[in-house]
Amino acid sequence: MGRFLYPNEYYVSTYEIDFEHLYRLGYRGILFDIDNTLVPHDAMSDERSRALLKKLREMGFSVCFVSNNDEPRVANFVKELHVDGLPDPQYVFKAAKPRAKGYLEGIERMKLRHEQVIFVGDQLLTDVWGANNARIPAILVKPVAKETKLQIKLKRILEKPVIWRYLKKHPLKELRHQS
């Protein structure tokens, strides 16, 4: 049931992922959802998200945001991440997740191959399903904040049995490698 909704890994937080390990495995690009993956819904970047994204780009990762939001929301979020001397992240707005199109466009914008890219998001019914449709690995993370939007609250209810079944066979990852 719902295997197309299963992530490759499930973490407590985006900020717990061992990105150094992913780099050693050969990944060079990360597609990120924004809302409730990096910051609370509709929030702009915070110190923690800016520090993570700067670190990833310094490590050599290309970063692209794949969002169902409109362009002003995504562009304003990305604009806050500018760091002199580092390439600005790419973005795809109105990505129509869970369709593969937005993910594939993000991979193309980063000028990488499928096998070099991984996706990080907080929702099964859009983020993970879309990554699976695009045939790229997906990391599911717990939302950074409690949902306030009704449509997302309803999705979370639908996701619960799938997450429960997934966790019966796959552990939730809570600790990252400290370097």
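Which helix lies across S3 and S4? That's helix H3, residues 71–79, and it runs at about 165 degrees to S4. Keep in mind that you're looking at a predicted model. Below is a quick tour of the sheet, the helices packed on it, the aromatic rings and one buried aspartate.

**The sheet**
- Six strands make up an open sheet, with parallel pairing and the order S1-S6-S5-S2-S3-S4.
- The edges belong to S1 (9–11) and S4 (90–92); each has a single partner strand, so one side of each has no neighbour in the sheet.
- Going from one strand to the next, the twist averages 25 degrees.
- S2 (residues 29–32) and S5 (residues 117–121) pair up in the parallel sense, with four bridges between them.
- If you want a spot to look at in S2 and S5, find Phe32, which stands opposite Val120 in S5.

**Helices on the sheet**
- Helix H2 (residues 47–59) packs on the sheet, where it touches S2 and S3 (62–66).
- The direction of H2 makes about 135 degrees with that of S3.
- S3 also has helix H3 lying across it, along with S4.

**Aromatic rings**
- Searching the whole structure turns up seven aromatic pairs.
- One of them is Tyr91 with Phe93, a tilted pair with 6.4 Å centre to centre and 45 degrees between the planes.
- Phe93 has a relative accessible area of 31%, so it counts as partly exposed, a class that runs from 20% to 50%.
- Ring pairs also tie Phe19, Tyr23, Phe32, Phe61, Phe65 and Phe77 together into a cluster.
- Tyr23 has a charged visitor too: the charged end of Arg28 sits over its ring, 3.6 Å from the centre.
- Over at Tyr15, the charged end of Arg48 sits over the ring, 3.8 Å from its centre.

**Asp127, a buried acid**
- You'll find Asp127 in helix H5, residues 124–133.
- Its relative accessibility is 1%, so Asp127 counts as buried, the cut-off being under 20%.
- The side chain of Asp127 makes a polar contact of 2.7 Å with the side chain of Lys97.
- A polar atom of the Asp127 side chain also lies 3.0 Å from the backbone nitrogen of Gln123.
- Leaving out residues up to four places away in sequence, Asp127 touches Asp33, Thr37, Lys97, Tyr103, Phe119, Gly121 and Asp122.

Key: Residues are numbered from 1 along each chain as its sequence is written. This is a predicted model: local features need pLDDT of at least 70, side-chain atom pairs count only at pLDDT 80 or more; totals for chains, interfaces and linings use all residues. Side-chain values use heavy atoms; hydrogens and water are left out. Helices (H or I, at least four residues) and strands (E, at least two) are DSSP runs, numbered from the N terminus. Buried means under 20% relative accessible area, exposed over 50%, partly exposed in between (1.4 Å probe, protein chains only). A polar contact is a pair of N or O atoms within 3.5 Å; within protein, one must be able to donate a hydrogen and the other to accept it, and residues adjacent in sequence count only if both atoms are side-chain atoms. Contact means heavy atoms within 4.5 Å. Two strands pair if DSSP finds at least two bridges between them. Axes are lines fitted to C-alpha atoms, for helices over the stretch in contact, and angles run from 0 to 180 degrees between N-to-C directions. Rings of Phe, Tyr and Trp (its six-membered ring) pair if their centres lie within 6.5 Å; planes under 30 degrees apart count as stacked, over 60 as edge-to-face and the rest as tilted. A charge sits over a ring if NZ of Lys or CZ of Arg is within 6 Å of the ring centre and within 35 degrees of the ring normal.
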